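Hi everyone, thanks for making room for me today. I'd like to walk you through a structure that may be new to most of you, so let's put it up on the screen.

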Amino acid sequence: MKITVDEDRCRGHGVCLGMCPEVFTLTDDGYAEVTLTDVPEEYQNAVREAEQSCPERAIVVE
């Protein structure tokens, strides 16, 4: 599972961080970034939910 955050779309709502803090964090500027390159299976459902819940559709899961 590869996850990216589109920096142009992210507005720093933090929904992803609230749903899966093991995978997402916020930068000093308040925008989302991915902290893991390999997402363990136990977090994959939460990541997909974060992708679907992102108000700006800034999370891309491949």
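Before anything else, a word on how I'll name things: helices and strands here are DSSP runs, with at least four residues for a helix and at least two for a strand, numbered from the N terminus. With that in hand, I can tell you that Arg-57 sits in the loop between helix 2 and strand 4. We'll come back to that loop. Please also keep in mind that what you see is a predicted model.

Let's start with the overall layout. There are two helices and four strands in the chain, and going along the sequence they come in the order β-α-β-β-α-β. The radius of gyration is 10 Å, close to the 11 Å that the globule rule gives for 62 residues, so the chain is as compact as a globular protein of that length. Its C-alpha trace spans about 30 × 20 × 20 Å along the principal axes. Of the 62 residues, 27% are buried. And if you take contacts between residues at least 6 apart in sequence, 52% of them join residues at least 24 apart.

Now, the inside. Which residues of the largest nonpolar core touch the most other members? They are Ile-3, Val-5, Cys-16, Val-23, Phe-24, Val-47 and Ile-59, out of 15 residues in that core. Strand 1, helix 2 and strand 4 each supply at least two residues of this core. Phe-24 is a good one to click on. Setting aside its neighbours within four places in sequence, Phe-24 is in contact with ten residues you can look up, including Ile-3, Val-5, Cys-16, Val-47 and Ile-59. The list for Phe-24 also has Glu-33, Val-34 and Thr-35 in it.

Next, a bit of empty space. The count comes to one cavity of 30 Å³ or more, and about 90 Å³ of space lies in the largest cavity. Among the 14 residues lining it, Cys-10, His-13, Gly-14, Cys-16 and Cys-54 are the closest to its centre. By class, the lining has eight nonpolar, three polar and three charged residues.

Let's move to helix 2, where two residues make a nice pair to look at. Gln-44 lies in helix 2, and so does Asn-45. Buried or exposed: what is Gln-44? Gln-44 counts as buried because its relative accessibility is 19%, and the cut-off for buried is under 20%. Asn-45, on the other hand, is exposed, with a relative accessible area of 56%. Not counting residues up to four places away in sequence, Gln-44 touches Met-1 and Val-39. As for Asn-45, its C-alpha atom is separated by 11 Å from that of Val-61, 16 residues away along the chain.

Finally, as promised, back to the loop between helix 2 and strand 4. Arg-57 has a positive phi, near 55 degrees, and is not a glycine. Most residues other than glycine have a negative phi. Arg-57 counts as partly exposed, at 46% relative accessibility. Ala-58 is found in that loop too, but Ala-58 is buried, with a relative accessible area of 1%. Which residues does Ala-58 touch, beyond those up to four places away in sequence? They are Thr-4, Val-5, Asp-6, Arg-9 and Cys-10. Cys-10 is 48 residues from Ala-58 in sequence, yet their C-alpha atoms are 5.3 Å apart.

That's my tour, and I'm happy to go back to any part of it.

Terms used: Residues are numbered from 1 along each chain as its sequence is written. This is a predicted model: local features need pLDDT of at least 70, side-chain atom pairs count only at pLDDT 80 or more; totals for chains, interfaces and linings use all residues. Side-chain values use heavy atoms; hydrogens and water are left out. A nonpolar core is a set of buried Ala, Val, Leu, Ile, Met, Phe, Trp, Tyr and Cys residues joined through side-chain atoms within 4.5 Å. Buried means under 20% relative accessible area, exposed over 50%, partly exposed in between (1.4 Å probe, protein chains only). Contact means heavy atoms within 4.5 Å. On a 1 Å grid over the protein atoms alone, a cavity is a set of points where a 1.4 Å probe fits but cannot get out, and a pocket is an open set with protein on both sides within 12 Å along at least five of seven lines; lining residues have an atom within 4 Å of a point. Grid points are joined across faces, edges and corners, and a volume is the space filled by probe spheres set on the points. Ala, Val, Leu, Ile, Met, Phe, Trp, Tyr, Cys and Pro count as nonpolar, Asp, Glu, Lys and Arg as charged, and the others, Gly among them, as polar. The radius of gyration is taken over C-alpha atoms; the globule rule is 2.2 Å times the number of residues to the power 0.38.
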